[in-house]
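Trainee: I've got a model open and I'd like to learn how to read it feature by feature. Can you walk me through it?

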Amino acid sequence: MAEVLVFHHAQGLTPGMHAFADDLRAAGHVVHLPDLFEGRTFASIEEGVAHIEAVGFEEMRERGVRLADALPENLVYAGFSFGVLPAQKLAQTRPGARGARGALLFYSCIPISGQWSFGPWPAGVPVQIHGMDNDPIFVGEGDVDAAREIVEKAEDAELFLYPGDQHYFADSSLPSYDAAATALAMKRVLAFLERI
């Protein structure tokens, strides 16, 4: 059993995010699913991003980071698109015994070198990265290159690309949902959680 802290995407804590967390719980894992938007959801990625920008990307990311302080040690940090910001920061920087047990990054990835980096990927922290091979955001904006850098440099890292062009493919409450890709991703995630 793993304990997982899941951060939602820019459209908020949708029913599809709850469904993903419930699938993890059904497999016996403990899941924390905080609402960084305080009850607000958005009809589009653009509206959600506008809300994040109004609050401030850094402040919104740090909300997620602060939430982890009240939770137990050795968590798996999972992020979906915008939620990758706090999840990846925690996976890479939470210090000492309170460090990460693993990371699950969906639809987004931060470089581990250069201007936007939180630093190198930490030794002993396994990671899975999931995205679609024609997603205009994940592939088109370069996140897939950041993911490949992690796979190249980290000792236990996997990148899974699914056929398709949707961004939020694993959110069953949105039109972008891809049932087949989500089922395969969930199978891989559960196998990951079982082995770490």
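**Reading the model, piece by piece**

Mentor: Let's start with a loop residue: leaving out residues up to four places away in sequence, Pro122 touches Ala91 and Gln92. Keep in mind throughout that this is a predicted model.

Trainee: Where does Pro122 lie?

Mentor: Pro122 belongs to the loop between S4 and S5. Its relative accessible area is 21%, so Pro122 is partly exposed, given that buried means under 20%. You can also pair a sequence gap with a distance in space: Pro122 and Ala100 are 22 residues apart in sequence, with their C-alpha atoms 9.1 Å apart.

Trainee: Ala91 and Gln92 came up as partners of Pro122. How many residues of H4 are buried?

Mentor: In H4, 9 of the 10 residues are buried, so the helix is largely enclosed by the rest of the structure. Ala91 and Gln92 are among those buried residues, along with Val84, Leu85, Pro86, Ala87, Gln88, Lys89 and Leu90.

Trainee: What do the buried residues of H4 pack against?

Mentor: They pack against strand S1 (3-7), H3, S3, S4 and H5.

Trainee: And which residues of H5 are buried?

Mentor: Asp143, Val144, Ala146, Ala147, Glu149 and Ile150. Their cover includes H4, S5 and strand S6 (157-162). Here is the general idea for reading a list like that: an α-helix has 3.6 residues a turn, so residues three or four places apart point the same way.

Trainee: Glu149 caught my eye. What is Glu149 in contact with?

Mentor: Setting aside neighbours within four places in sequence, Glu149 is in contact with Pro111, Ile112 and Ser113. Glu149 sits in helix H5 and counts as buried because its relative accessibility is 14%, with the cut-off at under 20%.

Trainee: Next topic: helix pairs. How do I describe one?

Mentor: Two packed helices are described by the angle between their axes and the distance between the axes. Here, the axes of H2 and H3 come within 5 Å and cross at roughly 90°. That is why H2 is roughly perpendicular to H3.

Trainee: Which residues make that contact?

Mentor: On the H2 side, Val49, His51, Ile52, Glu53 and Val55; on the H3 side, Phe57, Glu59, Met60 and Arg63. Sorted by class, the contact of H2 with H3 has 5 nonpolar, 1 polar and 3 charged residues.

Trainee: Now pockets. How much space lies in the largest pocket?

Mentor: About 660 Å³. It is lined by 25 residues, and the closest to its centre are Phe57, Leu85, Ser108, Ile110 and Asp143. You've met some of those names already: Phe57 in the contact of H2 with H3, Leu85 among the buried residues of H4, and Asp143 among the buried residues of H5.

Trainee: Which helix gives the most to the lining of the largest pocket?

Mentor: H2 does, with 4 residues. Helix H2 (45-55), helix H3 (57-68) and helix H5 (143-153) each supply at least two residues of the lining. By class, the lining has 16 nonpolar, 4 polar and 5 charged residues.

Trainee: What about backbone angles? Which value does phi of Ser81 take?

Mentor: Phi of Ser81 is near 55°, a positive value in a residue other than glycine. Ser81 lies in the loop between strand S3 (76-80) and helix H4 (84-93), and at a relative accessible area of 11% Ser81 is buried. Tyr107 also has a positive phi, about 70°, although it is not a glycine. You'll find Tyr107 in the loop between strand S4 (102-106) and strand S5 (127-132).

Trainee: Is Tyr107 buried or exposed?

Mentor: Buried, with a relative accessible area of 1%.

Trainee: Let's finish with strands. What is Gly131 in contact with?

Mentor: Leaving aside neighbours within four places in sequence, Gly131 is in contact with Phe138, Phe160, Leu161, Tyr162 and Phe169. Gly131 lies in strand S5 and counts as buried, at 0% relative accessibility. Compare that with Val31 in strand S2 (residues 30-32): Val31 is buried too, with a relative accessible area of 9%.

Trainee: And which residues is Val31 in contact with?

Mentor: With neighbours within four places in sequence set aside, Val31 is in contact with Val4, Val6, Ala21, Leu24 and Arg25.

Technical notes. Residues numbered from 1 in each chain as written. Predicted model: local features only at pLDDT ≥ 70, side-chain atom pairs only at ≥ 80, totals over all residues. Heavy atoms only, no water. Buried < 20%, exposed > 50% of the residue type's maximum accessible area, 1.4 Å probe, protein only. Contact = heavy atoms within 4.5 Å. 1 Å grid on protein atoms, 1.4 Å probe; cavity = no way out; pocket = protein on both sides within 12 Å on 5 of 7 lines; lining within 4 Å. Points joined across faces, edges and corners; volume = space filled by probe spheres on them. Nonpolar A, V, L, I, M, F, W, Y, C, P; charged D, E, K, R; others polar. Axes fitted to C-alpha atoms, helices over the stretch in contact; angles between N-to-C directions. Parallel < 35°, antiparallel > 145°, perpendicular 65-115°, else oblique.
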